[in-house]
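Trainee: Please select one part of this model for a close look. I should like to have it described in detail and then placed in the context of its chain.

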Amino acid sequence: MTRTWPWRPFLAPTIAAIVYGASLFVPGLWEAVLGALFPDEVRVLYHAPMPLLVWQTLLIVAASSALSIGIGMGLGVFVTRPFGADFFDVVTDLSNLGQTFPPIAVFTLAVPLLGFGFRPTVFALTIYGVLPVLHNTIAGIGSVPPAIVESARGMGFTPGQTLRKVELPLASAVIIAGIRVSVVINVSTSTIGAIAGAGGLGAPIISGLANSDPAVTLQGALLTTALALILDGYLGAVQHVAEGRSAQLDAA
Amino acid sequence: MISFEHVTKRYEVAERPAVDDLTIDVPDAMVTILIGPSGSGKSTTMRMVNRLIEPTSGVVRLGGADVRDLDVEDLRRGIGYAIQGVGLFPHWTVHENVGVVPWLLKWPQPKIDARVRDLLDLVGLEPDVYDGKYPDELSGGEAQRVGVARALAADPPVLLMDEPFGAVDPLTRDRLQAEFTKIQQALRKTVVFVTHDIDEALKLGDRIAIMREGRLVQFDKPECVIAYPADDFVSDFVGSERALKRLSLARVAGVASETATNDWAASVPRSATLREALARILETGEREIGVSDESGNIIGSVGLEDVFAHFERPVE
């Protein structure tokens with residue numbers, strides 16, 4: 001725990017984020033690029049400002065990822081405790097089911113319940129994001145050697161201390177890998193939220209589709225993909241750092 | 001300090017109890033070895049002391065109190081615990097690993113720091129070198145030493161050790177055993193030590209409890225286990241070289257006779273075992289050799305007759 005936090009893995013995603021952010025504010029840049037790719041198109045850009053679309057997407061992703069992580073880790077911890085072991089099979093089955101249910105159907109069914117816009121989108125994305133987090137939380141905690149947990153108990157750790165100080169830190173690399181998958185899925189699936197009127201980077205994609213403006217669709221798709229890659233890069237860096245720590249597992 | 005009163009541990013799936021009506025008084029300030037083949041219930045027995053396993057019936061007492069009446073975390077923090085494969089926390093430094101029980105007991109940090117350094121010294125690890133290392137940077141032997149230091153950290157009167165030297169090469173194991181004996185002579189803890197290695201048991205134990213299929217077969221001093229095995233199982237378990245093992249447990253000092261002459265072709269120190277003396281006798285071809293004190297002066301002799309006589313004397 002006294003090892004210094006390595007900054008190097010975070011360098012590349014940070015540079016990418018700066019370039020990404022700056023490109024949103026340079027007037028005419030996107031218009032020029034898309035105009036060159038689609039010289040025959042009259043309309044190449046979505047009407048709403050790009051920083052607003054990115055901001056809306058980030059809000060949706062942040063809310064749904066936070067919920068996915070909270071629910072996924074919470075359930076994962078619960079079913080690996082002695083008092084939750086009975087629910088292990090039910091929880092994993094339900095979460096697998098959630099993953100196979102078509103996202104567009106979830107939106108459609110959620111709208112009458114939650115109204116249009118932000119809330120049904122976050123709801124649907126949360127359901128999608130839970131499985132990777134849950135799965136990896138269970139796998140990560142399961143990979144902690146029993147001798148280490150046993151010695152923690154034997155020395156007088158409370159169950160809570162064993163979880164917080166031993167199990168979760170040693171499972172962290174695997175759990176973060178799950179969070180990474182969950183967030184990337186969230187970013188790309190969030191574009192469907194535009195159907196429910198949530199705005200964000202899905203709006204240009206849907207608008208381009210509806211009005212036969214391929215340049216507008218491409219604008220939304222490029223911005224979404226780049227955002228997903230940047231977040232993936234950051235979480236990959238965090239995972240790398242966590243792996244460096246739990247690599248020590250093999251030797252112990 | 002520790003006593004088992006008709007303790008039985010039964011698992012639903014098993015046809016016979018893991019531990020079957022065990023009654024034993026573990027003597028204070030001594031090393032009591034629990035030994036037996038796998039499935040004999042020795043580890044289960046040990047884990048009932050710190051309630052990692054709860055008995056189905058019977059009472060385990062620590063200092064007179066039923067362990068079930070004590071707060072489970074307080075109980076465990078008051079008992080040193082070292083296990084096979086060490087169980088060091090791979091994400092913590094040696095310092096943090098050794099200081100973990102004092103940390104749980106909320107000692108002030110400077111006191112923990114000082115204690116960790118003392119303990120690393122005690123187990124033969126240079127504090128400045130090892131303090132900040134991680135378990136993956138330690139050899140097997142070093143990790144075992146850290147494990148022992150961690151068990152001793154809060155100076156508990158009782159130590160539970162489950163094959164603590166199980167995972168190292170024989171040479172390192174010999175050294176760790178010798179150092180453990182030295183530490184134990186200084187600290188005089190009440191130690192319950194689980195092993196399946198009879199040589200380790202004979203070397204380290206003040207008392208040996210031999211278990212088989214959950215039952216206590218014999219509970220005795222090492223010398224008595226060798227000289228008077230309770231049944232064929234014990235005698236098989238002790239092995240084919242019982243006579244030599246018995247010689248390993250006796251010191252030359254106890255059998256040497258004073259002699260008029262000091263002129264011997266060879267000699268052994270009086271702290272040597274009879275087994276070492278016999279080896280020396282066989283090597284030199286002499287029937288009798290000298291015995292020297294710590295400064296090398298000949299103070300008596302030991303011969304083949306003394307070795308035979310040792311076997312004729314009853315062990316008490």
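Mentor: A residue is buried under 20% relative accessible area, exposed over 50% and partly exposed in between (1.4 Å probe, protein chains only). At 39% relative accessibility, L59(A) is therefore classed as partly exposed. This is a predicted model, in which local features need pLDDT of at least 70 and side-chain atom pairs pLDDT 80 or more, while totals for chains, interfaces and linings use all residues. Residues are numbered from 1 along each chain, chains are lettered from A and ligands numbered from 1 as written, and side-chain values use heavy atoms, without hydrogens or water.

L59(A) is located in helix α3 of chain A (helices are DSSP runs of H or I, at least four residues, numbered from the N terminus). Together with L52(A), W55(A), L58(A) and F118(A), L59(A) forms a nonpolar surface patch. The accessible area of these residues together is about 460 Å² (Shrake-Rupley, 1.4 Å probe). Patch members have over 30% relative accessible area and no salt bridge, with nonpolar side chains joined within 5 Å. Helix α3, spanning residues 50-79 of chain A, supplies four residues, the largest share of the patch.

As for the surrounding chain, chain A contains ten helices and zero strands. Its C-alpha trace spans about 70 × 45 × 20 Å along the principal axes. Of its 252 residues, 45% count as buried. The accessible surface of chain A amounts to about 12,200 Å², with 72% belonging to carbon and sulfur atoms.

Conventions. Patches are made of residues with over 30% relative accessible area and no salt bridge: like charges are joined within 9 Å, nonpolar side chains (Val, Leu, Ile, Met, Phe, Trp, Tyr) within 5 Å. A salt bridge is a side-chain nitrogen of Lys or Arg within 4 Å of a carboxyl oxygen of Asp or Glu. Helices (H or I, at least four residues) and strands (E, at least two) are DSSP runs, numbered from the N terminus.
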